[in-house]
Amino acid sequence: MRIYFDHNATTPLHPAVLEAMTQALADDFGNASSVHAFGQKAKAALDLARGRLASLVGAEPSDLVWTAGGTEADNFAVRGIAEALESRGRRHLVASAIEHEAVLNTCKHLARRGWTLTLVAPDQRGVVNPDALRQAVTAQTALVSVMHANNEIGTLQPVAELADVAHQVGAVFHTDAVQTVGKVAVDVGALAVDLLSLSGHKFGGPKGTGALWIKRGTRIAPLLTGGRHERNRRAGTENVPALVGLGVAAVQAQLELDTHRRDVGRLRDRLEAGILQRVAGTVVNGDPGRRVYNTTNISFERVEAESLLIALDLDGIAVSTGSACSSGTLEPSHVLRAMRLPPSRTQGALRFSLGPTNTEEEVDHLLQVLPGLVDKLRSLTRMPVSR
Ligand code: PLP
């Protein structure tokens with residue numbers, strides 16, 4: 001049995017997406033910029049997809065710019081605003097310390113080229129406090145970027161309040177909603193943001209698809225220059241079949257939002273409660289009352305998370321850690337470190353992220369094998385018990 005509990009990393013294609021993409025690959029090969037009928041057919045398919053995605057996030061279709069995924073949308077937001085506002089003397093960027101690398105490393109790249117960067121730490125539950133943000137922004141701040149939900153711990157941020165703080169100093173507010181769009185109801189108006197990133201493969205769509213929603217009137221420089229695609233905001237011939245797939249994923253997500261919240265949420269709760277009950281020395285990271293319903297991040301005391309991940313994988317169960325392996329050394333998750341959790345918590349943290357294809361049997365299988373694997377690893381390790 002192979003079990004996939006890593007839906008925050010990526011999701012399988014929704015069957016309806018696969019069907020629509022297969023047809024579009026065969027039928028909609030025209031260049032959407034071409035005047036002839038082949039081009040117009042492709043353009044109509046793109047327009048339909050754009051309308052569908054816009055409906056999912058409460059946007060006007062013309063305010064969405066296609067991107068090749070969340071990373072590009074984040075880069076577009078950060079670099080596009082930095083470049084657009086540079087001449088106005090706004091050369092300060094603010095981001096939360098728990099942003100995805102797509103935001104963090106883009107800000108750090110600009111910081112090496114003369115922008116100043118302030119990273120705002122979250123509290124111990126992974127929530128960014130509006131007062132902490134207030135301390136960080138200045139009249140020179142160009143952009144504030146705080147994600148809607150964190151990919152490792154699932155914590156939801158008070159985005160509308162944070163956006164208000166940014167707006168008080170005249171800064172643009174961006175939210176990376178890659179982990180919420182398609183999972184929870186997202187409305188760009190209610191969030192009161194200026195820019196919002198999303199990614200198709202996190203909710204049943206194809207990889208390499210996404211969008212940046214840009215509030216009308218926001219000054220932003222393009223990332224890709226060339227032809228006049230996307231109203232001069234993103235040059236390049238559109239990947240029509242993939243974007244058709246993104247549109248269908250949006251329709252399905254909207255239809256299935258409530259059932260997923262109920263069913264996937266129930267499974268996540270069963271999995272989490274089962275682990276806490278059956279495995280001693282476990283604790284949930286993040287804010288249990290303010291999380292995306294599919295995610296739980298659990299620290300296993302006296303366990304190296306990577307060893308447990310590998311043991312589970314050998315058993316056919318896919319989970320994830322937030323740590324990065326660079327040049328043979330394991331770096332603890334920057335998210336858990338920013339939350340100031342002790343090494344005993346960061347080293348043994350695993351993320352379980354569920355999706356609509358998971359079943360109760362799969363959760364129960366995990367609960368059956370996990371205690372034995374943890375016991376075995378603990379018997380092999382000399383890691384001290386933290387006090
Ligand atoms: N932002 C967040 C919060 C993510 O979780 C991810 C993907 O892991 C990304 C951005 C990058 O998205 P993509 O994989 O579509 O480039």
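The side chain of Asn 297 reaches out to the backbone oxygen of Glu 152, at 3.1 Å. Keep in mind as you look that this is a predicted model. To find Asn 297, go to strand β10, which covers residues 295-300.

Is Asn 297 buried or exposed? Its relative accessible area is 3%, and a residue counts as buried when that value is under 20%, so Asn 297 is buried. You can also see who surrounds Asn 297 once its neighbours within four places in sequence are set aside. Glu 152 appears again among its contacts, together with Ile 153. Val 283, Val 284 and Asn 285 touch Asn 297 too, as do Leu 336, Ala 349, Leu 350 and Arg 351.

Now let us turn to a sheet. Seven strands form an open sheet here, and their pairing is mixed. If you walk across the sheet, you meet the strands in the order β2-β8-β7-β6-β5-β3-β4. The two ends of that walk are the edge strands, β2 (64-67) and β4 (116-120), each of which pairs on one side only. From one strand to the next, the twist averages 20°.

Pause at β6 and β7 for a closer look. Strand β6 spans residues 172-176 and strand β7 spans residues 195-199; the two run parallel and are joined by three bridges. Here you can pick out His 174, which stands opposite Leu 195 in β7.

Finally, which helix lies across β5 and β6? That is α6, made of residues 159-168, while β5 takes in residues 141-145. Helix α6 runs at about 155° to β6.

Note on methods: Residues are numbered from 1 along each chain as its sequence is written. This is a predicted model: local features need pLDDT of at least 70, side-chain atom pairs count only at pLDDT 80 or more; totals for chains, interfaces and linings use all residues. Side-chain values use heavy atoms; hydrogens and water are left out. Two strands pair if DSSP finds at least two bridges between them. Helices (H or I, at least four residues) and strands (E, at least two) are DSSP runs, numbered from the N terminus. Axes are lines fitted to C-alpha atoms, for helices over the stretch in contact, and angles run from 0 to 180 degrees between N-to-C directions. Contact means heavy atoms within 4.5 Å. Buried means under 20% relative accessible area, exposed over 50%, partly exposed in between (1.4 Å probe, protein chains only). A polar contact is a pair of N or O atoms within 3.5 Å; within protein, one must be able to donate a hydrogen and the other to accept it, and residues adjacent in sequence count only if both atoms are side-chain atoms.
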